[in-house]
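Hi,

Here is the structure I promised to send over. Have a look at it first, and then read on for my notes.

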There are 2 protein chains.
Amino acid sequence: MRQSQLFAKTVKSYPKDELSFNAQILIKAGFIDKVSAGVYTFLPLGLLTLNKICDIIRKEMNKIGGQEILMPALTPKNVWDQTGRWDNFDALFKLKGVNKKEYALGATHEEIITPLMKKFVFSYKELPVYIYQIQQKFRNELRAKSGLLRGREFLMKDLYSFHISEENLNNYYEKAQDAYFKIFDKCGLKDLTYLTFASGGVFAKYSHEFQTLSKAGEDTIYICDNCRIAVNKEIINEQKICPNCANSRLHKEKAIEVGNIFKLGTKFSNAFNFKYISQEGEQKDVIMGCYGMGPSRIMATIAEIFNDDKGIIWPEAVAPFRFHLISLNQNSQAEKLYQDLKKAGIEILYDDREDSSAGEKFADADLIGCPCRGVVSKKTLEKNSVEIKKRDSAKCEFIKLDKVIEFFA
Amino acid sequence: MRQSQLFAKTVKSYPKDELSFNAQILIKAGFIDKVSAGVYTFLPLGLLTLNKICDIIRKEMNKIGGQEILMPALTPKNVWDQTGRWDNFDALFKLKGVNKKEYALGATHEEIITPLMKKFVFSYKELPVYIYQIQQKFRNELRAKSGLLRGREFLMKDLYSFHISEENLNNYYEKAQDAYFKIFDKCGLKDLTYLTFASGGVFAKYSHEFQTLSKAGEDTIYICDNCRIAVNKEIINEQKICPNCANSRLHKEKAIEVGNIFKLGTKFSNAFNFKYISQEGEQKDVIMGCYGMGPSRIMATIAEIFNDDKGIIWPEAVAPFRFHLISLNQNSQAEKLYQDLKKAGIEILYDDREDSSAGEKFADADLIGCPCRGVVSKKTLEKNSVEIKKRDSAKCEFIKLDKVIEFFA
């Protein structure tokens with residue numbers, strides 16, 4: 001893409017009421033725009049990164065058998081009444097339509113997926129089954145001051161699993177954990193992310209969160225370095241003992257919840273009377289699990305963690321572009337390189353702006369944070385080269401113009 | 001994909017209150033599920049088709065310079081107040097959040113895009129610019145009885161263009177018309193779709209709709225065969241004369257509005273005081289256009305038009321799969337063919353179900369409506385072949401197993 005065409009430019013300032021670092025830097029770098037508290041527009045660069053995160057998630061969900069669907073945001077009151085959550089779910093947006101019909105904006109989708117599956121699943125032969133969507137969710141948050149970390153509208157991947165037995169659920173629950181860590185690995189967050197024991201429910205003693213260490217985190221966790229798990233402060237026992245290995249030397253950290261998985265058991269299948277016929281011909285309760293992950297929250301977490309005083313440093317897999325090519329008044333040679341790299345399938349942002357200074361171009365490249373920057377200038381062309389610098393390194397190297405595609409291969 | 005794994009099966013019945021043919025057949029074929037009036041879930045097959053339509057649209061919007069963004073559904077009251085549409089926009093869903101903050105669910109996005117562009121566009125040098133999104137819209141429709149043709153929640157592509165002059169807008173407006181017809185062509189609708197004069201506004205005498213002939217249509221149009229345009233009944237003059245060529249022999253048809261484009265002029269730029277500095281250094285009003293198209297409505301239109309008494313007949317470009325392979329108790333040979341075709345990148349639905357009869361499998365294939373069906377049976381294997389039949393033809397042909405990939409190339 002040509003930077004001269006990109007309407008959403010980097011900006012010097014951000015809204016005064018924007019207190020969170022992730023939103024500040026993403027606004028400055030031209031990735032998002034604030035519409036109101038907790039509500040953002042994804043600009044071209046932001047949407048590219050968001051879509052990359054979604055694709056990483058989608059791939060891993062498909063690998064563990066997930067079937068993708070798309071449920072609506074507008075959900076009728078009656079299904080929430082059936083589970084008792086119309087009045088009890090925290091932060092549900094409610095509204096009225098024609099004929100006083102009441103709706104909630106989907107904050108989660110157990111109330112939609114369970115009756116849906118009941119229409120299609122009758123026998124043990126149809127289980128287990130795993131369904132997910134990537135879709136906008138809405139929560140009427142009291143405070144929405146954490147940027148993309150706590151949106152009133154935000155993107156969510158929610159997968160729901162359906163099983164004949166607790167054992168079968170437990171197996172899948174572990175598979176999902178592996179898939180989650182693969183996603184965090186791709187996004188550069190794995191080393192900072194801890195499987196964290198959190199409050200369970202009637203069915204299971206614990207649920208599990210994936211907590212990524214960050215001072216911007218709203219959660220406090222206690223980490224056991226012995227078994228590399230953590231415990232959410234909300235459920236830590238007085239003795240502060242690891243529930244996994246009984247180690248008592250835990251240390252406290254701030255963290256961002258980038259995912260959570262939950263054994264729902266029969267809570268929702270009972271509410272909707274969703275049963276299956278077992279191999280023995282008996283009616284039995286379907287056992288459920290749910291698996292949440294917020295792509296926009298992951299994007300914010302990456303921005304919180306991977307940055308320096310000049311801007312964002314995107315991990316390669318989620319960068320809007322792999323290569324940021326800067327022309328310093330050498331547009332004919334840079335143009336050729338741009339075309340060649342585009343043809344070779346390399347994702348490239350080309351700073352072809354004629355009315356920007358070298359300083360502005362370098363500052364923008366650092367702020368936007370593509371993994372690799374290349375400069376075409378008089379000086380580099382004397383060497384028939386482009387000067388390439390990784391965003392996370394100070395080292396520059398000259399690469400011959402006809403070797404650049406190879407360099408990225 | 002293996003049909004044995006596909007949770008969303010074809011169904012014999014649909015909700016009694018579902019009166020529209022498109023929703024009936026899409027529910028029967030396992031593409032969508034009804035959540036409440038005008039609100040649907042897209043099941044795996046439906047989502048595949050919907051995404052294909054979106055990709056066709058996206059490609060053409062990118063070709064005419066569109067930059068993709070993603071605006072929120074939750075939009076604050078103040079921007080709607082500023083244009084006077086909080087009270088006047090038909091069918092706006094309104095809701096209250098914490099601290100009595102009022103929102104509308106986005107039914108269109110002029111109120112969001114205009115202040116956004118005002119933050120980035122200051123000079124004639126930054127114009128024209130074209131921004132679009134593909135995003136869920138919400139309308140509090142009084143009647144939602146037309147299935148996906150009139151949803152309370154529905155997917156929409158909305159592009160907004162910004163210009164320095166009316167002439168510049170007019171040029172782009174024609175480009176957009178061409179792009180729209182390319183999309184309808186890909187979707188199989190072009191021959192049935194008419195550029196239709198509709199009511200304009202203060203700025204332009206007419207807007208234009210794209211109306212596809214169908215008895216399910218909610219609109220009535222008058223077609224001029226002379227110049228192949230149409231006029232919406234709402235604005236037809238008493239003399240029923242074509243506004244384009246003055247021909248008076250127009251004929252009446254029912255049609256579905258599959259797209260509409262509108263010269264907004266300065267209506268929204270004035271509301272938000274969005275001006276640019278001209279080449280002469282003067283402050284001038286930005287001139288706007290908007291360009292809507294509903295991917296889910298297009299999907300419904302295709303289902304309304306391309307079908308027979310056995311099911312849907314998807315045009316190749318929007319079919320969930322290109323090839324529907326049926327195994328009649330010959331799973332080892334069919335499995336090999338499935339794997340080979342998958343490896344060759346051919347989108348394939350493989351009916352590997354062991355507990356379904358041949359009759360059920362054929363009926364499902366016709367109902368789901370992939371463009372091409374192949375059968376592997378004892379009979380076909382005697383000829384070392386698969387029996388291939390196009391969905392829109394009665395003719396069968398035997399293709400040698402090792403020539404099937406070639407057949408699809």
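Strand β19 (residues 323-327) of chain A runs parallel to β20(A), and four bridges join the two. One pair to look for is Phe323(A), whose bridge partner in β20(A) is Ile348(A). Before you zoom in any further, keep in mind that this is a predicted model.

Those two strands belong to an open sheet of five strands in chain A, with the order β20-β19-β21-β22-β23 and mixed pairing. At its edges stand β20 (348-351) and β23 (396-400) of chain A; each has a single partner strand, so one side of each is left without a neighbour in the sheet. On average, neighbouring strands here are turned by 25 degrees against each other, direction ignored.

Two helices go with that sheet. Helix α9 (residues 331-343) of chain A lies across β19, β20, β21 (372-376) and β22 (385-390) of chain A, and runs at about 160 degrees to β19(A). Helix α10 (residues 358-368) of chain A lies across β19, β20 and β21 of chain A, at about 175 degrees to β19(A).

Where does this sit in the chain? The domain assignment splits chain A into domain 1 (13-308) and domain 2 (321-407). The C-alpha centres of domain 1 of chain A and domain 2 of chain A are 39 Å apart.

Chain B has an open sheet of five strands too, in the order β20-β19-β21-β22-β23 with mixed pairing. Its edge strands are β20 (348-351) and β23 (396-400) of chain B, and as each has a single partner strand, one side of each is left without a neighbour in the sheet. From one strand to the next, the twist averages 25 degrees. In this copy, have a look at strand β21 (residues 372-376) of chain B and strand β22 (residues 385-390) of chain B: they run antiparallel and are joined by four bridges. Arg373(B) stands opposite Lys389(B) in β22(B). Helix α9 (residues 331-343) of chain B packs on the sheet and touches β19 (323-327), β20, β21 and β22 of chain B, with its direction at about 160 degrees to that of β19(B). Helix α10 (residues 358-368) of chain B lies across β19, β20 and β21 of chain B, running at about 175 degrees to β19(B).

Now for the way the two chains go together. A turn of 180 degrees with a shift of 0.0 Å along the axis lays chain B on chain A with an RMSD of 0.0 Å. The two copies are thus related as by a two-fold rotation axis. If you want to find that axis from chain B, go to Leu95(B): its C-alpha is the nearest to the axis in that chain, at 2.6 Å.

How many residues does each chain bring to the contact? Chain B gives 40 residues and chain A gives 41 residues. Among the elements of chain B that each supply at least two residues to the side touching chain A are α2 (44-63), β5 (94-96), α5 (110-120) and β7 (129-138). That side of chain B has 27 nonpolar, seven polar and six charged residues. Of the interface residues of chain B, 100% are also interface residues in chain A, so the copies meet through the same surface.

Helix α2 also has a partner within its own chain. In chain A, helix α2 (residues 44-63) and helix α8 (residues 295-305) pack at an angle of about 115 degrees with their axes 9 Å apart, and the crossing is right-handed. The residues that make the contact are Thr49(A), Leu50(A), Ile53(A), Cys54(A) and Ile57(A) from α2(A), and Pro295(A), Ser296(A), Ile298(A) and Met299(A) from α8(A). By class, that is seven nonpolar, two polar and no charged residues.

One last thing to look at is strand β13 (residues 250-265) of chain B. Strand β10 (residues 206-213) of chain B pairs with β13(B) in the antiparallel sense over six bridges, with Ala255(B) as the bridge partner of Leu213(B). Strand β11 (residues 219-224) of chain B is also antiparallel to β13(B), joined by six bridges, and there Ile223(B) stands opposite His251(B). Six bridges also join β13(B) to strand β16 (residues 287-293) of chain B, again antiparallel; in β16(B), Cys290(B) is the bridge partner of Phe262(B).

Cheers

How values were computed. Residues numbered from 1 in each chain as written. Chains lettered and ligands numbered in written order. Predicted model: local features only at pLDDT ≥ 70, side-chain atom pairs only at ≥ 80, totals over all residues. Domains from an automatic or database assignment. Least-squares fit on C-alpha atoms with pLDDT ≥ 70 in both. Contact = placed C-beta atoms within 7 Å. Nonpolar A, V, L, I, M, F, W, Y, C, P; charged D, E, K, R; others polar. Pairing = 2+ DSSP bridges. Axes fitted to C-alpha atoms, helices over the stretch in contact; angles between N-to-C directions. Left-handed = near helix turned anticlockwise from the far one by under 90°.
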